[in-house]
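Hi everyone, thanks for coming along. Could you bring the structure up on your screens before I begin?

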Amino acid sequence: MKMKIMTSHHNLSTFPLKPSFVLALLSLSLFHFFSSRSPISQTLVTQNYIVRFKDYEKSDQHRRYLESRVKSDGWKWIERRNPAMDYATDFGVLAIQKESVIGEIEGLEKVKDVNLDFSYTKRDLLGFVDGEKRPGKMFTSMSFSEAGETYAVAQTSNSSIHWGRQLLGQKSQVTSLFGADVLWSKGFTGHKVKMAIFDTGIRADHPHFRNIKERTNWTNEDTLNDNLGHGTFVAGVIAGQDAECLGFAPDAEIYAFRVFTDAQVSYTSWFLDAFNYAIATNMDVLNLSIGGPDYLDLPFVEKVWEITANNIIMVSAIGNDGPLYGTLNNPADQCDVIGVGGIDYSDHIAPFSSRGMSTWEIPHGYGRVKPDVVAYGREIMGSKISTGCKSLSGTSVASPVVAGVVCLLVSVIPESARKDILNPASMKQALVEGAAKLSGPNMYEQGAGRVDLLESYEILKGYHPRASIFPSVLDFTDCPYSWPFCRQPLYAGAMPVMFNATILNGMGAIGYIESPPTWHPAEEEGNLLSIHFTYSEVIWPWTGYLALHMQIKEEGVQFSGEIEGNVTLRVLSPPSSGEKSPRSSTCVLQLKLKVVPTPPRHKRVLWDQFHNIKYPPGYIPRDSLDVRNDILDWHGDHLHTNFHIMFNMLRDAGYYVETLGSPFTCFDARQYGTLLLVDLEDEYFQEEIEKLRDDVISTGLGLVVFAEWYNMDTMVKMRFFDDNTRSWWTPVTGGANIPALNDLLAPFGIAFGDKILNGDFSIDGEQSRYASGTDIVRFPRGGYTHGFPFLDSSESGATQNVLTSGTVKADSSILGLVEVGQGRIAVYGDSNCLDSSHMVTNCYWLLKKILDFTSRNVKDPLLFPVSSKNDAALFVDDNQLPTRRTDVNFSSYSAVVGKDLICRSDSRFEVWGTKGYNLHVRGRNRRLPGYPLIDLGRGLNSTFDTSNLRRPKDTQKNKVDSLGIRTWGMLSRDEADVPVLVASHWLLPAAVAITGQPCAVEPLAHSAKAAKEEERVWFWSTEQFIAKGTIILITSLMFSRNLNSFLL
């Protein structure tokens, strides 16, 4: 993409290096990014690629290097003419026509990797919302909402949201609502704070701004002006001085980065150049009122980490895809970024504000609490393009509200001390610790609560660098704030309850946990709680994770009450300038849990999360084909995201719902009434198929399946040219993976077809909507099936509908129930009635009746009329069953295909790291005084025989785990199978010795190679240091003199 020449000019200089910390550039490429997200391309298209280099050099040097090393033709260097070209850069943009060129370039010594240059067509300037409920979408279109519009509330929200309109004119200025005038009266106005606004630009002579320091253009349009109004409005909220629409920090220095065109188009490469320039020019705060669901655009995400590692405080909008859950936008979902949600003036969560949890750690982990904070985002006054004020709404508004608060808080600290005290972690600590928790919303709606400027000011006044945990209190008795944990107590025998907290390290960009976290019970009853921890050994940049895997021990099977205590861990960071010893801080996480006696089997339901696949990394299509503006399945498909209403319903009905994040071999079927499979896209291990057959027939496990559409012709028809990647995309699978489900159900004589059925139907007065569901084509004799004369909207079915027009339609079976051996099975062809994302009508009534049957053998006459009993089996030949796509490398997306079967850290402790087989009874655990011991059976009081199992290969180099993610064995303490997720902070940016002892890192300035260089970027291969059973992981590191004596 050719860039236009900017009007501003800058002196040539080398790219400045920050001297106070280790800046990791993340040269790890744990799996090739696009091998797992590559679309199906039928046409050779010239595409732009970002070539990332291991060193920062001038652009011409990178170009000459490639020209001298790449022998193939079919590529062209694209010149970028923008202010960043005056500095060294770490990437180049190439137009590539031949795929073979990519491999050749990636093999070069100085090249880090090659990635598509994504087009962010509406990478949501997180548009000011227009009053309509916005479903999740790949890129949200920008819109403008003037004051005076009324907002409807979807029933999917957990919050009580005010329906009526609140005019800003009835309220005070938003700045005074936060008490900004108090700080203004003390002389704090944002003076000498460099505020970067990445948006649509601003006009140089705008009368609302007194301190526009610089405007830069990073697009291919030859203008610096804002012709949309988005960037101007954002700047006005932050630093406007007009009396009608005051900003928070009127004296802040505005640096306007125009990264979007008038058509709302941007590219990753534009952002990378602009980010590099922000680092080079030492910005203090950066606002991004943009976002999207793609957290696997590695060049973008890793550059965000580099931005924050360089002590730039980034504030970003959480997204306008509410009230749906699991709709957090990137980069606001990243832990080192301050993610902001929106509220109205009644302190209710705005209906448009995206809800958590973060989804980049599921399905094989648990998400973080996001947003971090909320701020007013309804009918906020800001600046128009040229003059005057207007009222707008959206998280694009809430984000600059917080960015303005941050600017004001930065100016409170003397300029000479700012970089020593303020950083992304310390600012987030001040915001979340000072925030006011709202009474209605839960933690995944409001984060820490509404920003409180004056409380945060008091925290920063006396701040000393320290580490902390967010949230710092986990009170699972506090409803609704602690939803979903407050809805379901702990009990013995359950799958581990997982909670993923964030470590905030205000002491430095890099740190590490000195020793494993420790659980300190307040009373003896606390010994009934067993906690296994997984966590970031290396904390970078500024943040890490602490995951709690909590189980009640077997001797607590009849315990009823509360358990309290705290978890402590100690964080160390390098000494700051002038300090001789490492900084240290002890973090405390307060814990309060409610425990009940283990419920009976028939009340326990196990939800299969393991076999879920979502976008990203692949084109996983939506479940309801009637929804045209949301083509991707990206909400997580988790009990606590888009199935949260169903979860609440099951709890209200008296069921206890647990989550299985490992294969079927990793749970004991004796403990559960029903296994619930809903909208699943992955394949199944053969061992899973065999075990499930035995579990149902011999153990009496109930099985409930809610499937989805699957039609090959329709999937091909859904192929589209994506402007984002500039290539053709075809769905990886249908709404569900019907061929895989058919394999799973084959032992029971059950199979789904490939029809796509739509229509309303009634079962004895109970009305429901069947939305893009499939049909049942095999079902055993003696079972009960329900069918209706729906039209088939699939590509093949549409033709048949025309041919049979005017004739009576044959019924298609959509619901089947049958007893098999000791167990019971129910199958239904549509899951949209359980999914809050695009639900038309719910079918919770049906699910409850189904569970009554599968778990308790209660046969509701509604579902078991004599007329529905099959006197003969439904059957079609194998060649009439749906088949798998052969043109997709499904292993790129699957946790099964090409992977090892292993029980992960979300299964019960006794089977971690095993296949789940060979369980046998062991000696009983220690009994606490006053608590009787009850043997719950083989699955709960068991161990495994290590002589007959393949152990995890902790020292295997570049191991590919069961998720298809490359790991280096035990990268985090206390377990051997934590995945090293590419888009998470589990990538270790420092030398780490996995030996149980600290590893001394040779001071670079004292080494022979660095004797003449005080500061230098060093790069190592991750494969260079594996020997004698010791794994040392070294990624791209930038060492400085301040860390020469620091031991990692």
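I'll walk through two sheets, some helices and a few unusual spots in the backbone.

A word on the source: this is a predicted model, where local features need pLDDT of at least 70, side-chain atom pairs count only at pLDDT 80 or more, and totals for chains, interfaces and linings use all residues. Residues are numbered from 1 along each chain as its sequence is written, and side-chain values use heavy atoms, with hydrogens and water left out.

When I say helix or strand, I mean a DSSP run, numbered from the N terminus: helices are H or I with at least four residues, and strands are E with at least two. Two strands pair if DSSP finds at least two bridges between them.

Let's begin with a sheet. In what order do the strands 2, 3, 1 and 4 sit in their open sheet? The order is 2-3-1-4, and the pairing is antiparallel. Strand 2 (75-78) and strand 4 (111-116) are at the edges with a single partner strand each, so one side of each has no neighbour in the sheet. On average, neighbouring strands here are turned by 30° against each other, direction ignored. For angles like this, axes are lines fitted to C-alpha atoms, for helices over the stretch in contact, and the angles run from 0 to 180 degrees between N-to-C directions.

Now zoom in on one pair of strands. Strand 1, residues 47-57, pairs with strand 4 in the antiparallel sense over five bridges. If you'd like a residue to click on, take F53: its bridge partner in strand 4 is V111.

Two helices lie across strands of this sheet. Helix 2 (residues 99-106) lies across strand 1, strand 2, strand 3 (89-96) and strand 4, and runs at about 155° to strand 4. Helix 6 lies across strand 1 and strand 3, at about 165° to strand 3.

While we're here, have a look at S59, which is found in helix 1 (residues 59-69). Is S59 buried or exposed? At 10% relative accessibility, S59 counts as buried. Buried means under 20% relative accessible area, exposed means over 50%, and partly exposed is in between, using a 1.4 Å probe and protein chains only. Leaving out residues up to four places away in sequence, S59 touches W77, R80, M85 and T89. Contact here means heavy atoms within 4.5 Å.

On to another open sheet of four strands, in the order 14-16-21-19, with antiparallel pairing. The edges are strand 14 (467-470) and strand 19 (529-535), each with a single partner strand, so one side of each is left without a neighbour in the sheet. Strand 19 and strand 21 (residues 543-552) pair in the antiparallel sense over seven bridges. Within that pairing, H532 has H549 of strand 21 as its bridge partner.

Next, the unusual backbone spots. A cis peptide bond joins W540 and P541, with omega about -20°. P541 is in the loop between strand 20 (538-539) and strand 21. Another cis peptide bond joins N330 and P331, where omega is about 15°. P331 lies in the loop between strand 9 (313-317) and strand 10 (338-343).

Then there is N282, which has a positive phi of about 60° although it is not a glycine. N282 lies in the loop between helix 6 (268-280) and strand 8 (285-288), and is partly exposed, with a relative accessible area of 36%.

Now for a helix pair. Two packed helices are described by the angle between their axes and the distance between the axes. The axes of helix 10 (residues 424-434) and helix 12 (residues 453-461) come within 8 Å and cross at roughly 130°. The contact involves S426, M427, A430, L431, E433 and G434 of helix 10, and E455, S456, I459 and L460 of helix 12.

Last stop: how many of the eight residues of helix 16 (residues 738-745) are buried? Seven of them are, so you can call this helix mostly covered. The buried residues are I738, P739, A740, L741, N742, L744 and L745. What covers them includes strand 26 (674-678), helix 14 (686-697), strand 27 (702-706), strand 30 (751-752) and strand 37 (823-828).

Thanks for listening!
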